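Me: I am new to this structure and would like to understand the reasons behind the words used for it. Could you take me through them with care?

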Amino acid sequence: MDFTAPDARILAVDDQEINLMVLERLLTPTQVQFATATGGQEMLDLLCKEQYDLVLLDHVMPQPDGLESFRLSKTLENNQNKDTPFVALTGNDIKAEDADPSLSPHEATRAYYKGEGFADFLPKPVLPEELERILLALLPEGKLIQKERPESPQSEESPRGGLFARAIKSLEGEGGNGVPASGGGSGPAPSSPSTAVDPTLDTAKGLAFSGGDEEMYRQLLKNWADAYMESGYTIQKSAKEGDLNAHRIATHSLKSSSRMVGALVLGDMAEKAEHASRDGDLDFVRANVSALLTEYGKAVEAATGYLSA
């Protein structure tokens, strides 16, 4: 079943423009009315002016962060969205101290956010099929317009169906791991250099996170590479000055955006720096910032080479 929702209104809140770009592209086929905010205060202002059917809210942002903004929204007298479902966007698995130890990290994270009052959560980078699941579950049924798709052997074999099924199948092939198959999948593999595999910049993974849209991926990659000087300066400066909160926010953003474009090694290094900042480990931050920035430079160089090919 395909669906559109032209009367549905969604607000996405994230301090990183690259994340908002991805969400807008992934939502385009649904025809939803899409609005954005780049911070918690901007979101609070919009909630008092407009009514939305769904709010996608990033957790880690400059103050007020997503969780604080969500709590503040409940105290607003003029809030027109007191009954609107909120979905937390996060690149971290969170496990509360009293969480059920039998839960997987994702299950524990979902339980944490639901305990805070969110309707659900979406892990970042956002996968099309996960976004589809959220839309089908939380948008008002009366605003979902479903229509029958022509039957085909592929659609009968797939348990997914839905808006993004075709794109997901072409990316997964027979392996089902989110990476375009090398051959024999449900669609042709993107031409080189899209399928290049590099530990510094895995463009196949980046393309998968872009829903298989190479034009979108190239734009995201360019925006990510263009942010190198400013982002790298913030990371270096915050480490030198011992500003762990600024370092945590900067490395969190780098982690999310790097994984989205396929810079997976850099994303993992940024995550370790983020956790060290959160835990107050300034020694680790300072000892590893040089290696982090070196890997950042290598990934940007690889991105520049890909974009110029």
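Me: Which residues of helix α2 are buried, and what makes them lie on the same side of α2?
Reply: In this predicted model, the buried residues of helix α2, which spans residues 40–47, are G40, M43, L44 and L47. They cover an arc of only 100° around the axis, and therefore they sit on the same side of α2. As a general point, an α-helix has 3.6 residues a turn, so residues three or four places apart point the same way. What covers the buried residues of α2 includes the strands β2, β3, β4 and β5 together with helix α3.

Me: Why is T109 called buried?
Reply: The word buried is kept for residues under 20% relative accessible area, and T109 has 0% relative accessibility, so T109 counts as buried. T109 lies in helix α4, residues 105–116, and, leaving aside residues up to four places away in sequence, T109 touches T90, N92, D93, I94 and F121.

Me: Why is the pair of Y113 and F121 called stacked?
Reply: Planes under 30 degrees apart count as stacked, provided that the ring centres lie within 6.5 Å; the rings of Y113 and F121 have centres 6.2 Å apart and planes at 20°, so this pair is stacked. Both Y113 and F121 are buried, and they belong to a cluster linked by ring pairs, which also includes F70, F86, Y112 and F118.

Me: What makes the pair of Y228 and Y296 edge-to-face?
Reply: The planes of Y228 and Y296 stand at 85°, with 4.9 Å from centre to centre, whereas the name edge-to-face asks for planes over 60 degrees apart, and the pair is accordingly edge-to-face. Y228 is in helix α10 and Y296 in helix α13, 68 residues apart, and the pair thus links distant parts of the chain.

Me: Why is Y228 called partly exposed, and why is Y296 called buried?
Reply: Partly exposed covers the range between under 20% and over 50%, and Y228, with a relative accessible area of 28%, is therefore partly exposed. Y296, with a relative accessible area of 2%, is therefore buried.

Me: How do you know that M269 counts as partly exposed?
Reply: M269 has 25% relative accessibility, so M269 counts as partly exposed, since that term lies between the buried limit of 20% and the exposed limit of 50%. M269 lies in helix α12, residues 264–278, and touches A291, L292 and E295, not counting residues up to four places away in sequence.

Notes:
Residues numbered from 1 in each chain as written. Predicted model: local features only at pLDDT ≥ 70, side-chain atom pairs only at ≥ 80, totals over all residues. Heavy atoms only, no water. Buried < 20%, exposed > 50% of the residue type's maximum accessible area, 1.4 Å probe, protein only. Helix = DSSP H or I, 4+ residues; strand = E, 2+ residues; numbered from the N terminus. Arc of directions from axis to C-beta. Contact = heavy atoms within 4.5 Å. Phe/Tyr/Trp six-rings, centres within 6.5 Å; stacked < 30°, edge-to-face > 60°.
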